[in-house]
Amino acid sequence: MKRLAIIAAAALALASCSTTSTASIDAALQKNLPMACTGLTAAHAAFTVFSDAGKVKDETVKKVAAAYAGVRVICADPA
């Protein structure tokens, strides 16, 4: 019952989104995404230094590589 109430509340919240909200979200992304992508690139470069030094588990390196590949796609074409 509680789960159904949460789903109903989420559906209502999503239904109340307007094109104005979407437009403002799009504008904020266009304004802030380049700075975020630059920061992520710098953070990944720093992580690479540590991983190349052998201070990070291989499993973690693979996970970070997969996540960074996804971020690069978004940063390359944010539209």
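Which pattern does the protein follow when read along the sequence? The answer is α-α-α, and the legends below walk through this predicted model view by view.

**Figure 1. Welcome to the whole protein, a predicted model with 3 helices and 0 strands.** Helix H1 covers residues 2–15, helix H2 covers residues 19–52, and helix H3 covers residues 58–76. Of the 79 residues of the protein, 6% count as buried. The protein exposes about 6,500 Å², and 68% of that area is supplied by carbon and sulfur atoms.

**Figure 2. Here we look at how confident the predictor is, from helix to helix.** Across the protein, the mean pLDDT is 82, with 75% of the residues reaching 70 or more. Which of the elements has the lowest mean pLDDT, and which the highest? Helix H1 has the lowest, at 65, while H3 has the highest, at 92.

**Figure 3. This close-up shows Cys-37 and Cys-75 joined in a disulfide.** A search of the whole structure turns up 1 disulfide, and in this pair the sulfur atoms sit 1.8 Å apart. The two partners come from distant parts of the chain: Cys-37 belongs to helix H2 and Cys-75 to helix H3, with their positions 38 residues apart. As a reminder, a disulfide is a covalent bond between the sulfur atoms of two cysteines. Why is the disulfide of Cys-37 and Cys-75 left-handed? The torsion about its S-S bond is about -90 degrees, so the disulfide has that handedness.

**Figure 4. Now compare the surroundings of the two cysteines, Cys-37 and Cys-75.** Is Cys-37 buried or exposed? Its relative accessible area is 11%, so Cys-37 falls under the 20% limit and is buried. Cys-75 has 26% relative accessibility; because this value lies between 20% and 50%, Cys-75 counts as partly exposed.

**Figure 5. Ser-51 of helix H2 takes the centre of this view.** With a relative accessibility of 16%, Ser-51 counts as buried, because the cut-off is under 20%. Which residues does Ser-51 touch, leaving aside those up to four places away in sequence? Its contacts are Val-56 and Val-61.

**Figure 6. The last close-up visits helix H3, where the side chains of Glu-59 and Lys-63 meet in a salt bridge.** The distance from N to O is 3.2 Å, and a search of the whole structure finds 1 salt bridge. Side chains of opposite charge can pair when their charged atoms come close. Glu-59 and Lys-63 are 4 residues apart, about one turn of the helix. Both Glu-59 and Lys-63 are exposed.

Note on methods: Residues numbered from 1 in each chain as written. Predicted model: local features only at pLDDT ≥ 70, side-chain atom pairs only at ≥ 80, totals over all residues. Heavy atoms only, no water. Disulfide = S-S within 2.5 Å. Helix = DSSP H or I, 4+ residues; strand = E, 2+ residues; numbered from the N terminus. Buried < 20%, exposed > 50% of the residue type's maximum accessible area, 1.4 Å probe, protein only. Contact = heavy atoms within 4.5 Å. pLDDT = per-residue confidence, 0-100. Areas by Shrake-Rupley, 256 points an atom, 1.4 Å probe, with all protein chains shown as cover. Salt bridge = Lys/Arg side-chain N within 4 Å of Asp/Glu carboxyl O.
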